[in-house]
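Take a look at this one with me, going from a single buried side chain out to the sheets. Keep the viewer open and follow along.

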Amino acid sequence: MERRIYIFDTTLRDGEQVPGARLNTKQKVEIAKQLEKLNVDIIEAGFPCSSPGDLEAVKAIARDIKNPVICGLARAVKEDIDICWEAVKEAAHPRIHVFLGSSDIHVEKKLRKDKASALRMASEAVRYAKSLCGEVEYSTEDASRSDFNYLCDVIRAVVKEGATIINIPDTVGYAIPDEFGALIRKIKENVQELDSVTLSVHCHNDLGLAVANSLAAVKEGANQVECTINGIGERAGNASLEEIVMALRTRTPLFAVHTGINAKEIYKTSRLVSRIMNIPVQPNKAIVGSNAFAHSSGIHQDGILKDRRTYEIIRPEDVGIKQHAIVLTARSGRAALKHRLGELGYELEKDVFQRVYKRFLNVADRKKEILSDDLVSIVEVELTKVAETYSFVNLQILSGNDITPMASIALKKGDDIITDASIGNGPVNAAFNSIERILGKTGQLLDFDLKAVTHGKDALGEAMVRVKIEDQVYSGTGTSPDIIEASARAYVNAFNRYFANHK
Ligand SMILES: [Zn+2]
C-alpha cells in the first residue's frame with residue numbers, strides 16, 4: 001500500500017513574509033480558492049496575531065474555503081492562540097499551529113529561558129490550544145540544530161497534551177539531505193508516542209536543499225510536507241510545492257507514496273501566485289519556469305520529435321501547461337473570447353469579463369494575434385487589480401538618443417482626467433515622473449522587471465515594479481504591447497495598492 005503524503009501549503013503565511021508580497025484579504029482569498037482547486041490538504045492561511053489585516057484575511061478564508069484544513073500560526077502564548085482560534089474557528093476543518101524554538105540558541109538567546117521552562121511553556125500552550133481546537137500542530141522551531149534528547153522530550157510532552165501533528169522544521173536551511181533523513185528516522189525510533197501522530201517537515205532553501213531535504217524526510221517516514229508555490233518564502237524561500245509533488249509522482253516506485261494534488265492545476269496556481277505577489281518565476285525554475293519544457297539543442301529537438309520521452313520526464317500538459325498556440329484577433333467576438341478563456345480554465349464574473357474584453361480589444365488592435373499566454377497575462381492583471389483610485393488613460397512619449405526624453409500622461413480619478421508631463425533620464429523614468437506629479441506623491445523604485453509574455457517582435461510586454469512608498473513596499477504589474485505603457489501601468493498599479501491601504 002502506498003503511503004499518503006499530506007501537502008501543507010504555506011504560501012499565504014511563510015510565502016507572504018517576502019518583502020513587497022503583502023496581500024489584502026481579497027487577494028488572499030483568491031489564492032486560497034486556487035489552492036483548493038489544486039487540492040492541497042492544508043492551507044496555512046496566515047499568522048493572525050501579526051496584524052488585524054491578517055486576522056481578517058484568515059477569517060475570510062476559513063469561511064469561504066471548504067475542503068482543505070484551514071490552519072493559522074500562533075506563538076506558544078495564550079493571546080496568540082486566542083486570536084488564532086478566533087481566526088480559524090468558522091472553518092469546516094480548523095487547525096491551530098503552535099511553534100516554539102527548541103535549539104539552544106533559540107531557547108537561550110531568543111526566548112531567554114532555560115530548557116525546562118521552555119518545555120513547560122510548550123506543554124501549556126498545546127494544552128490550551130487543544131481545549132479550543134480539535135486539531136493542534138506543534139512545530140519544534142530550529143529542530144535541525146536542536147539537542148536531540150531535548151527535541152524528543154519536547155515532542156513527547158506536546159503529544160501527551162494532544163498535539164496530533166508534529167512538525168520538524170529546518171528553519172534556517174542548515175540541514176543536508178542524508179542528515180535530515182536520519183534525524184527523522186531517529187525521532188521515529190526514539191519517540192514511540194509518534195505512532196498515532198502525523199510527522200511533518202518544513203524546510204528552508206538557504207543552501208538550495210529544501211526540496212531534497214523534504215524528500216529525504218518523506219523516504220524516512222514523514223507524512224506531511226510544508227511547502228509553497230514557486231518555493232517562495234523567508235530569505236531563500238521554502239521547499240517548492242510543485243517540485244515536491246512532481247518528484248514524488250515522477251518517481252512513484254522509488255518513494256511508494258502518493259499525494260492528493262491535482263497536478264493539472266499546478267501551472268495556473270504558479271502563475272496566479274507570481275502575479276498577485278509580484279514575484280517573477282525564474283525562467284529555468286523546475287516544473288513551472290518558462291524554459292522548463294523548452295528544448296533548444298538540435299539533438300534534443302530531434303529526439304523530442306521522434307518520441308517526447310527521449311528528453312522529457314514530465315509531459316507539460318500533466319502540470320496544466322496548454323500548448324496550443326494561435327488564438328484570437330481583434331475581430332474575434334465575445335463568444336470566441338469566452339470560449340477560449342473557458343479552455344484556459346477561467347470562469348469570469350460579468351464585470352471582470354467586461355474589463356478583460358475591453359483590454360483584449362485594446363491590445364488586439366495593436367498586436368495582431370493574441371496567444372494563450374497573452375490572454376492569461378491580460379486576465380490575471382484584471383483579476384488581481386485592486387480598487388483603482390487612479391486608472392490609466394493614455395501616454396505620449398518623446399524620446400531619442402540625443403534629446404531629453406519627455407512623457408505626458410493622463411490618468412482618471414473619479415470622473416476627472418488629469419494630465420501632466422515631465423522629463424526624465426529615459427522614457428520610463430519620464431513616465432514615472434509624470435505619474436508622480438499627478439499623484440502628488442513620490443516613491444522609490446526598488447525593482448523593475450520587464451519581460452516578453454510570448455515570443456516574436458510584437459510580443460506583449462509585462463512589467464513588474466516594487467516601489468517603496470512612505471515606509472512600505474508595494475508592487476504593481478502592467479501589460480501592453482508597448483513596454484513603456486506596460487511600465488507606466490505597473491507603476492500606477494503599485495500606487496493604487498498604496499491608496500487602497502490609505503483611504
Ligand atoms: Zn518557514
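His 202 is buried, at a relative accessible area of 6%, where buried means under 20% relative accessible area, exposed over 50% and partly exposed in between, using a 1.4 Å probe and protein chains only. Before going on, a word on the ground rules: this is a predicted model, in which local features need pLDDT of at least 70 and side-chain atom pairs count only at pLDDT 80 or more, while totals for chains, interfaces and linings use all residues. Residues are numbered from 1 along each chain as its sequence is written, and side-chain values use heavy atoms, with hydrogens and water left out.

Back to His 202, then, and to what its NE2 is doing. The zinc ion is coordinated by Asp 14 (OD), His 202 (NE2) and His 204 (NE2), at 1.9 to 2.2 Å. Donors here are N, O and S atoms within 2.8 Å of the metal (3.2 Å for Na, K and Ca), and water is not among the atoms, so sites may look incomplete. Along the chain, the donors of the zinc ion follow the spacing D-x187-H-x1-H. Asp 14 sits in the loop between strand E2 (6-9) and helix H1 (25-38), and His 202 in strand E8 (residues 198-203), so the pair ties together parts that are 188 residues apart in sequence. Helices (H or I, at least four residues) and strands (E, at least two) are DSSP runs, numbered from the N terminus. Asp 14 counts as buried too, at 3% relative accessibility.

Now for the strands around that site. In the order E2-E3-E4-E5-E6-E7-E8-E9, 8 strands close into a barrel, and the pairing is parallel; two strands pair if DSSP finds at least two bridges between them. From one strand to the next the twist averages 25°, with axes being lines fitted to C-alpha atoms (for helices over the stretch in contact) and angles running from 0 to 180 degrees between N-to-C directions.

Where does the barrel close up? E2 runs parallel to E9, joined by 4 bridges, and Ile 7 stands opposite Val 225 in E9. On the E8 side, 3 bridges join E8 to E9, again running parallel, and Ser 200 has Gln 224 as its bridge partner in E9. To get from E8 to E9 the chain passes through helix H8 (residues 210-219), and this β-α-β crossover is right-handed; that is, with the strands pointing away from the viewer, the path from the first strand over the helix to the second runs clockwise. In a regular strand the side chains alternate between the two faces of the sheet. Strand E9 (residues 224-227) has Gln 224 and Glu 226 pointing one way and Val 225 and Cys 227 the other way, and all are buried.

Ser 200 also leads to Asn 167, a residue of strand E7 (residues 165-170). Asn 167 counts as buried at 1% relative accessibility. The side chains of Asn 167 and Ser 200 make a polar contact at 2.9 Å, a term for a pair of N or O atoms within 3.5 Å; within protein, one must be able to donate a hydrogen and the other to accept it, and residues adjacent in sequence count only if both atoms are side-chain atoms. Leaving aside neighbours within four places in sequence, Asn 167 is in contact (heavy atoms within 4.5 Å) with residues including His 97, His 202 and Glu 226.

Elsewhere in the barrel, strand E4 (residues 69-75) and strand E5 (residues 94-101) run parallel, joined by 6 bridges, and Ala 74 has Val 98 as its bridge partner in E5. Helix H5 (residues 115-132) lies across E5 and strand E6 (136-141), at about 175° to E5.

Further along the chain, the pairing is antiparallel. Strand E11 (residues 391-398) and strand E12 (residues 406-413) share 7 antiparallel bridges, while E12 and strand E13 (residues 416-423) share 8. E12 and E13 form a hairpin with 2 residues between them, and Gly 414 in the turn has a positive phi of about 60°.

Last comes an open sheet of 3 strands in the order E14-E15-E16, with antiparallel pairing. Its edge strands are E14 (444-452) and E16 (472-480), each pairing on one side only. Phe 448 is in strand E14 and is partly exposed, with a relative accessible area of 36%.
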